[in-house]
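Dear colleague,

I am handing over the structure below, together with an account of what was found in it. Please read the text with the model open beside you.

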Amino acid sequence: MVELYSPSDCQSCGACCINKKNDKLIEVGLQESKMIPGEMLQKGVKKRYAMKQNQDGSCIALRGKFKSCYCSIYYFRPKACREFKKDSASCYSSICEQVF
């Protein structure tokens, strides 16, 4: 039987910050883009910005690895990251992508 990982501290998990398929961009609004270092941003759609990703699909702001990491721009993270809810269906889906 596989034991499902449930992070006690959302900030150290990082599953939602890793997109192995590289098929999703974390969009950044114009005001948010002023608070995030330019080297972490790329051109998004409709004249917006998006967070860059590392080759492994992790967000450029993520430091460390799954279950042992932190966000280097936590206090200035994009709205999509601030609104992501721990223990939501999306949270567990992200965790499953890392485990399986």
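**What was found**

Strand E4 (residues 62-65) and strand E5 run antiparallel and are joined by 4 bridges. Within this pair, Leu62 has Cys71 in E5 as its bridge partner. Please keep in mind throughout that this is a predicted model.

The two strands form a hairpin with 2 residues between them, and in it Lys67 takes a positive phi near 75°. Lys67 has this positive phi although it is not a glycine, and its place is in the loop between E4 and E5. With a relative accessible area of 45%, Lys67 falls between the limits of 20% and 50%, and therefore counts as partly exposed. Lys67 also lies 9.2 Å from Cys10, C-alpha to C-alpha, although the two are 57 residues apart in sequence. Cys10 belongs to helix H1 and is itself partly exposed, at 34% relative accessibility.

**The chain as a whole**

Stepping back from the hairpin, the chain has 4 helices and 5 strands, and along the sequence these follow the pattern α-β-α-β-β-β-β-α-α. Of the 100 residues in the chain, 28% are buried. If one takes the contacts between residues at least 6 apart in sequence, 58% of them join residues that are at least 24 apart.

**The sheet of three strands and the core**

There is also an open sheet of 3 strands, in the order E1-E3-E2 and with antiparallel pairing. Strand E1 (27-28) and strand E2 (41-43) stand at the edges of this sheet and have a single partner strand each, so one side of each is left without a neighbour in the sheet. As general background, the strands of a sheet pair through backbone hydrogen bonds, either parallel or antiparallel. Between E1 and strand E3 (residues 49-51) the pairing is antiparallel and runs over 2 bridges, with Val28 standing opposite Tyr49 in E3.

Val28 is a useful residue to follow from here, as it also appears in the largest nonpolar core. That core has 8 residues in all, namely Val28, Ile36, Met40, Leu41, Met51, Cys59, Ala61 and Ile73. In soluble globular proteins, nonpolar side chains tend to be buried together. When neighbours within four places in sequence are left aside, Val28 is in contact with Ser33, Ile36, Leu41, Arg48, Tyr49, Ala50, Met51 and Pro78.

A contrast is offered by Lys34, which has its place in the loop between helix H2 (30-33) and E2. Its relative accessibility is 58%, which is over the limit of 50%, and so Lys34 counts as exposed. Lys34 and Phe76 are 42 residues apart in sequence, while their C-alpha atoms are 9.6 Å apart in space.

**The largest pocket**

Where does the lining of the largest pocket come from? At least two residues of the lining are supplied by each of helix H1 (10-13), strand E5 (68-71), helix H3 (79-83) and helix H4 (89-99). H4 gives the most, with 6 residues. The pocket holds about 790 Å³ of space and is lined by 37 residues, of which Cys16, Cys17, Ile26, Cys81 and Phe84 lie nearest its centre. By kind, the lining residues divide into 23 nonpolar, 8 polar and 6 charged.

**Two residues of helix H4**

To close, helix H4 deserves a look through two of its residues, Ser94 and Tyr92. Is Ser94 buried or exposed? At 12% relative accessibility, Ser94 is under the limit of 20% and therefore counts as buried. Not counting residues up to four places away in sequence, Ser94 touches Ala15, Cys16 and Phe84; Cys16 and Phe84 are among the residues nearest the centre of the largest pocket. Tyr92, in turn, counts as partly exposed at 23% relative accessibility. Tyr92 and Ala15 are 77 residues apart in sequence, and the distance between them in space is 8.7 Å, C-alpha to C-alpha.

With best wishes

Technical notes
Residues numbered from 1 in each chain as written. Predicted model: local features only at pLDDT ≥ 70, side-chain atom pairs only at ≥ 80, totals over all residues. Heavy atoms only, no water. 1 Å grid on protein atoms, 1.4 Å probe; cavity = no way out; pocket = protein on both sides within 12 Å on 5 of 7 lines; lining within 4 Å. Points joined across faces, edges and corners; volume = space filled by probe spheres on them. Nonpolar A, V, L, I, M, F, W, Y, C, P; charged D, E, K, R; others polar. Pairing = 2+ DSSP bridges. Core = buried A, V, L, I, M, F, W, Y, C linked by side-chain atoms within 4.5 Å. Buried < 20%, exposed > 50% of the residue type's maximum accessible area, 1.4 Å probe, protein only. Contact = heavy atoms within 4.5 Å.
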